[in-house]
Amino acid sequence: MQRRSMRIFAVTLVGLIALTGCGKKGRSHDSGLGGFVSGGSGGDNPASGPTDLPSGVPSDLDVPSYGAPSPSYTYSAPPTYNSDGTNDITATGCDYDESTHSFQYTLNLRNPETQSMHYSITIEWENQSGGSLLGSDYKSVTVASGSSQTLSATSYRYLTEQTSFTCKVTSALKYPSST
């Protein structure tokens with residue numbers, strides 16, 4: 001801090017010398033302008049360097065420039081993730097409950113990502129013999145990073161005859177949760 005104070009003092013002193021015309025040899029101050037002399041070419045013998053400065057004034061009068069600091073930005077790429085969430089789902093219990101007339105399927109969902117993810121999942125029950133759609137369900141859920149959640153998929157349909165069917169997750173889209 002002392003070096004800065006000395007620089008400020010030196011800059012002030014040099015400015016004062018320049019304004020009053022002091023330090024220039026051979027000048028007369030009889031013009032009545034209070035140290036400011038009009039006309040001329042700047043003096044007969046201008047101060048030639050640090051030897052003309054009063055004692056105690058540092059000779060290295062390099063004035064620091066105070067421009068706007070350059071901002072420093074750190075760019076980090078957003079985390080990457082696989083938008084297909086089917087590999088994050090393990091499904092069990094593909095069944096039909098005759099008492100409630102409903103297809104059922106249990107989904108165990110585990111989010112392996114480093115951020116909370118939102119899942120949009122479609123489940124379908126198909127007739128094994130003809131491939132026709134017997135029922136479907138849609139689930140939308142947010143799962144925190146590294147967490148698991150169990151979902152029950154259900155579709156209601158009254159069956160009048162013995163039917164062989166399959167359960168499957170037809171799509172599971174996942175994307176970062178905004179919450």
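So, a salt bridge here means a side-chain nitrogen of Lys or Arg within 4 Å of a carboxyl oxygen of Asp or Glu. Keep that in mind, and keep in mind too that we're looking at a predicted model.

Let's start with a pair that fits that rule: Glu126 and Lys168, whose side chains meet at 3.5 Å, N to O. Glu126 sits in strand S3 and Lys168 in strand S6, so this one links distant parts of the chain, 42 residues apart. As for Lys168, it's partly exposed, because its relative accessibility is 35%.

How many salt bridges does a search of the whole structure find? The count is 4. Another of them joins Lys174 and Glu113, at 2.7 Å, N to O. Here Lys174 belongs to strand S6, residues 165-176, while Glu113 is in the loop between S2 and strand S3, so the pair ties together parts 61 residues apart in sequence. Are these two buried or exposed? Both Lys174 and Glu113 are buried. And they have company: Asp88 is linked with Glu113 and Lys174 in a network of salt bridges.

One more from that list is Asp137 with Lys139, at 3.7 Å, N to O. Asp137 is buried, with a relative accessible area of 15%, whereas Lys139 comes out at 23% and counts as partly exposed.

Okay, on to the hairpin. Strand S1, residues 89-97, pairs with strand S2, residues 102-110, in the antiparallel sense, and there are 7 bridges between them. If you want to find the turn end on your screen, look for Asp97, whose bridge partner in S2 is Ser102. The hairpin has 4 residues between the strands, and His101 takes a positive phi near 55 degrees.

Last stop, the aromatics. There are 3 aromatic pairs by count. Take Phe103 and Trp125: the ring centres are 5.8 Å apart and the planes sit at 25 degrees, so we call that pair stacked. The cut-off behind that is planes under 30 degrees apart. Phe103 is in strand S2 and Trp125 in strand S3, so this contact ties together parts 22 residues apart in sequence. How accessible are they? Phe103 is at 0% relative accessibility, so it counts as buried, and Trp125 is buried as well, also at 0%.

Finally, which residues form the aromatic cluster? Those two rings, Phe103 and Trp125, together with Tyr96 and Phe165. That's my tour, thanks.

Definitions and conventions: Residues numbered from 1 in each chain as written. Predicted model: local features only at pLDDT ≥ 70, side-chain atom pairs only at ≥ 80, totals over all residues. Heavy atoms only, no water. Pairing = 2+ DSSP bridges. Helix = DSSP H or I, 4+ residues; strand = E, 2+ residues; numbered from the N terminus. Buried < 20%, exposed > 50% of the residue type's maximum accessible area, 1.4 Å probe, protein only. Phe/Tyr/Trp six-rings, centres within 6.5 Å; stacked < 30°, edge-to-face > 60°.
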